[in-house]
Amino acid sequence: MTLGEVLRKYRDNITSEKRCADNESFAINGFLRKCSQLASRKVSKLRSADFVYYRDQRIKSMKAATVVRELGWLQHALDVACEDWRQNLPHGNPVKPVRRPKINNRRERRLQQGETPTHNC
């Protein structure tokens, strides 16, 4: 089974039952379109280095949170393929050891003249 086949099955059977099904399905379809070379590889031949390269390329054009989210569903899809669909991952899940980018959502805003601080705690 190729990674693309796993992702299509995952999208149709697992993602469709999730609360965020539309967003994740959209992301998976985008991955299948843009990463056809990686998607065409047999899951048994995938290595962590493939996903490190993917992460490094994506982080150039996407926010860290998006890349972390993508790595998350890629890892889960391969976990499901291994555990539920009996796909052989001889070296374990290749996405699992891939370091996730640091998410920095910190915002700094200074009060404008006439504004008072509000506390929502």
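A pocket, as the word is used here, is an open set of grid points with protein on both sides within 12 Å along at least five of seven lines. In this predicted model, the largest one holds about 560 Å³ of space. Its lining runs to 23 residues, and Phe31, Cys35, Tyr54, Arg58 and Glu70 sit nearest the centre. By type, the lining splits into ten nonpolar, eight charged and five polar residues. Helix 2 chips in the most, with eight residues, while helix 2, helix 3, helix 4 and helix 5 each bring at least two.

Now for the packing. The largest nonpolar core is made up of 26 residues, and the ones with the most contacts inside it are Leu3, Leu7, Phe31, Leu38, Phe51 and Leu74. Two or more core residues come from each of helix 1 (3–13), helix 2 (21–34), helix 3 (36–39), helix 4 (48–58) and helix 5 (64–83). Helix 5 takes the largest share, eight residues. Phe31 turns up twice in this account, among the core residues with the most contacts and among those nearest the pocket centre.

Helix 1 gives a handy view of how this works. Its buried residues are Leu3, Gly4, Val6, Leu7, Tyr10 and Arg11. These lie on the same side of helix 1 because they cover an arc of only 160 degrees around the axis. Their cover includes helix 2, helix 3, helix 4 and helix 5. Leu3 shows the contacts residue by residue: leaving aside residues up to four places away in sequence, Leu3 touches Phe31, Leu38, Ala39, Arg41, Val43, Leu46, Phe51 and Leu78.

Note on methods: Residues are numbered from 1 along each chain as its sequence is written. This is a predicted model: local features need pLDDT of at least 70, side-chain atom pairs count only at pLDDT 80 or more; totals for chains, interfaces and linings use all residues. Side-chain values use heavy atoms; hydrogens and water are left out. A nonpolar core is a set of buried Ala, Val, Leu, Ile, Met, Phe, Trp, Tyr and Cys residues joined through side-chain atoms within 4.5 Å. Buried means under 20% relative accessible area, exposed over 50%, partly exposed in between (1.4 Å probe, protein chains only). Helices (H or I, at least four residues) and strands (E, at least two) are DSSP runs, numbered from the N terminus. Contact means heavy atoms within 4.5 Å. The arc is that of the directions from the helix axis to the C-beta atoms. On a 1 Å grid over the protein atoms alone, a cavity is a set of points where a 1.4 Å probe fits but cannot get out, and a pocket is an open set with protein on both sides within 12 Å along at least five of seven lines; lining residues have an atom within 4 Å of a point. Grid points are joined across faces, edges and corners, and a volume is the space filled by probe spheres set on the points. Ala, Val, Leu, Ile, Met, Phe, Trp, Tyr, Cys and Pro count as nonpolar, Asp, Glu, Lys and Arg as charged, and the others, Gly among them, as polar.
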